[in-house]
Amino acid sequence: MIKLVISNKQCFILILSIDENKIDIIAIAHRGTNFEQTGNVLADFLIASKQEPSDILNDSLTFEREILSRAQTELNINNPFVLVHVGFSLGGYLAAECAMKSNYSVKENVFGITFDAPGLFLHDSNYNEFNNRIVNYVTEINMVNTCNKH
């Protein structure tokens, strides 16, 4: 059952799923590149240039913080739940980075699932901790999903 759906104009959508009165999963789906948004195109360019798109990444992490706060205050969540970041292409990059840099206190319950993402820079010391909790799906090799390491 879906309890709450929140959409943000940036690159992500949030879905809170519950099983009866207990929240089991919070899934944040990060949107891929919207070519009508200059910030998205700039973020793609930065990733291809092996630079972190800090503006859009910080927006994504701020959104996650807001959602975690709302989940506690509005839904009165007291049980540990699974937090999953999901995304395609640019959204996949954001999903993986947000999973590694998540604000959720139960780190072992944070996962990332990406589809044709450009990979990560692997400069982050958190990568080894999250390596087994980020799953990358690649359809066929192309210039986007081979930008960085997976």
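This report follows one stretch of a predicted model, from strand β4 through helix α3 to strand β5 and on to strand β6.

**The crossover from β4 to β5**

Strand β4, which covers residues 82-88, pairs with β5 in the parallel sense, and six bridges join the two strands. Within this pairing, G87 stands opposite T114 of β5. On the way from β4 to β5 the chain passes through α3, and the β-α-β crossover made in this way is right-handed. Helix α3 itself is mostly covered, since 11 of its 11 residues count as buried; among them are L90, Y93, E97 and M100.

**The loop before β5**

Between α3 (90-100) and β5 (110-115) the chain runs through a loop, and N109 lies in that loop. Is N109 buried or exposed? N109 counts as buried because its relative accessibility is 18%, and the cut-off for a buried residue is under 20%. If residues up to four places away in sequence are left aside, N109 touches P80, F81, V82, L83 and Y104. One of these contacts, F81, also leads to another part of the chain, for the C-alpha atoms of F81 and D24 are separated by 4.9 Å although their positions lie 57 residues apart along the chain. D24 has its place in strand β3, which spans residues 22-30.

**The two faces of β5**

In a regular strand, side chains alternate between the two faces of the sheet. Along β5 this alternation can be followed residue by residue: V110, G112 and T114 point to one face and are buried, whereas F111, I113 and F115 point to the other face and are not buried.

**From β5 to β6 and the surface**

β5 also pairs with strand β6 (residues 134-137), again in the parallel sense, here over four bridges. In this pairing I113 stands opposite V135 of β6. V135 also belongs to a nonpolar patch on the surface, which is formed together with F88, F115 and Y137 and has about 380 Å² of accessible area in total.

The table below gathers the relative accessible areas of three residues named above.

| Residue | Location | Relative accessible area | Class |
|---|---|---|---|
| N109 | loop between α3 and β5 | 18% | buried |
| D24 | strand β3 | 28% | partly exposed |
| V135 | strand β6 | 35% | partly exposed |

How values were computed. Residues numbered from 1 in each chain as written. Predicted model: local features only at pLDDT ≥ 70, side-chain atom pairs only at ≥ 80, totals over all residues. Heavy atoms only, no water. Buried < 20%, exposed > 50% of the residue type's maximum accessible area, 1.4 Å probe, protein only. Contact = heavy atoms within 4.5 Å. Pairing = 2+ DSSP bridges. Right-handed = clockwise from strand over helix to strand, strands pointing away. Patch = residues over 30% accessible without salt bridge, like charges linked within 9 Å, V, L, I, M, F, W, Y side chains within 5 Å. Areas by Shrake-Rupley, 256 points an atom, 1.4 Å probe, with all protein chains shown as cover. Salt bridge = Lys/Arg side-chain N within 4 Å of Asp/Glu carboxyl O.
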